[in-house]
Amino acid sequence: MRSNTGRLQRALALLLLVVVTGSAWYALVEGFSPLDAVYMAVITVTTVGYREVEPLDTSGQLFTIVFLLVGVGLAFYTRSEEHTSELQSLAYLVCRLLLE
């Protein structure tokens, strides 16, 4: 079970890294304020569907497409790791109860 916790922690760290990277892009390349950059990164990864904080140029649109695919894929992976960890904990508890 210890390795699954490590996998979940790595997945969460990667997801945080993706949001930080996206925020940096929007701040440095697109010129968004730090708050707007984080907001844009979070609404993109969570697929909330709000419109852009500011209109994006072509490079911003291309980055957002890649960022969205990577971020959403990683969010799904993180959730699957969390789910796997929960199921294995439950299976462990059931086995302990049955063996007692």
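Two residues are in contact when heavy atoms of theirs lie within 4.5 Å of each other. Keep that in mind for the views below, which all come from a predicted model.

**View 1. The whole chain, an all-in-a-row set of helices.** Let's start with the full picture. Count the elements and you get three helices and zero strands, so to speak an α-α-α run when read from the N terminus. The C-alpha trace spans about 65 × 20 × 20 Å along its principal axes. Its radius of gyration is 18 Å, while a compact globule of 100 residues would come out near 13 Å. Buried residues account for 29% of the 100 residues. Of the contacts between residues at least 6 apart in sequence, 61% link residues at least 24 apart. As for the outside, the chain exposes about 7,000 Å², and carbon and sulfur atoms supply 68% of that area.

**View 2. The largest nonpolar core takes in 14 residues.** Which residues have the most contacts inside this core? They are Val18, Tyr26, Phe32, Met40, Val45, Leu56 and Phe67. Helix H1 (2-28), helix H2 (34-45) and helix H3 each put in at least two core residues. The largest share, five residues, belongs to H2. Zoom in on Val18 and, leaving out residues up to four places away in sequence, you'll find it touching Val45, Phe67, Val70, Gly71 and Leu74. Two of those partners, Val45 and Phe67, are also on the list of residues with the most core contacts.

**View 3. Helix H2 and what follows it.** H2 is 12 residues long and reaches 17 Å from its first C-alpha to its last. That's close to the 16 Å expected at 1.5 Å a residue. Which residues of H2 are buried? Here's the list: Ala37, Met40, Ala41, Ile43, Thr44 and Val45. After the helix comes Thr47, and its phi is positive, near 50 degrees.

**View 4. Val72, a helix H3 residue that touches Thr44, Val45 and Thr47.** Is Val72 buried or exposed? Its relative accessibility is 19%, so it counts as buried, since the cut-off is under 20%. Skip the residues up to four places away in sequence, and Val72 touches Thr44, Val45 and Thr47. Thr44 and Val45 are among the buried residues of H2, and Thr47 is the residue with the positive phi that follows H2. Along the chain, Val72 and Thr44 are 28 residues apart, yet their C-alpha atoms are separated by 8.4 Å.

**View 5. Thr78, buried in helix H3.** Thr78 sits in helix H3, which covers residues 58-99. With a relative accessible area of 5%, Thr78 falls under 20% and therefore counts as buried. What does its side chain reach? It gets to the backbone oxygen of Ala11, at 3.4 Å. Ala11 turns up again among the contacts of Thr78: once neighbours within four places in sequence are set aside, these are Leu8, Ala11, Leu12 and Leu15.

**View 6. Arg96, a partly exposed residue of helix H3.** Like the two residues just shown, Arg96 lies in helix H3. How accessible is Arg96? It has 42% relative accessibility, so it counts as partly exposed. Now look for Leu8, one of the residues in contact with Thr78. Arg96 and Leu8 are 88 residues apart along the chain, and 24 Å separates their C-alpha atoms.

Technical notes:
Residues numbered from 1 in each chain as written. Predicted model: local features only at pLDDT ≥ 70, side-chain atom pairs only at ≥ 80, totals over all residues. Heavy atoms only, no water. Helix = DSSP H or I, 4+ residues; strand = E, 2+ residues; numbered from the N terminus. Buried < 20%, exposed > 50% of the residue type's maximum accessible area, 1.4 Å probe, protein only. Polar contact = N/O pair within 3.5 Å; in protein donor to acceptor, adjacent residues only side chain to side chain. Core = buried A, V, L, I, M, F, W, Y, C linked by side-chain atoms within 4.5 Å. Expected span 1.5 Å × (residues − 1). Rg over C-alpha atoms; globule rule 2.2 N^0.38 Å. Areas by Shrake-Rupley, 256 points an atom, 1.4 Å probe, with all protein chains shown as cover.
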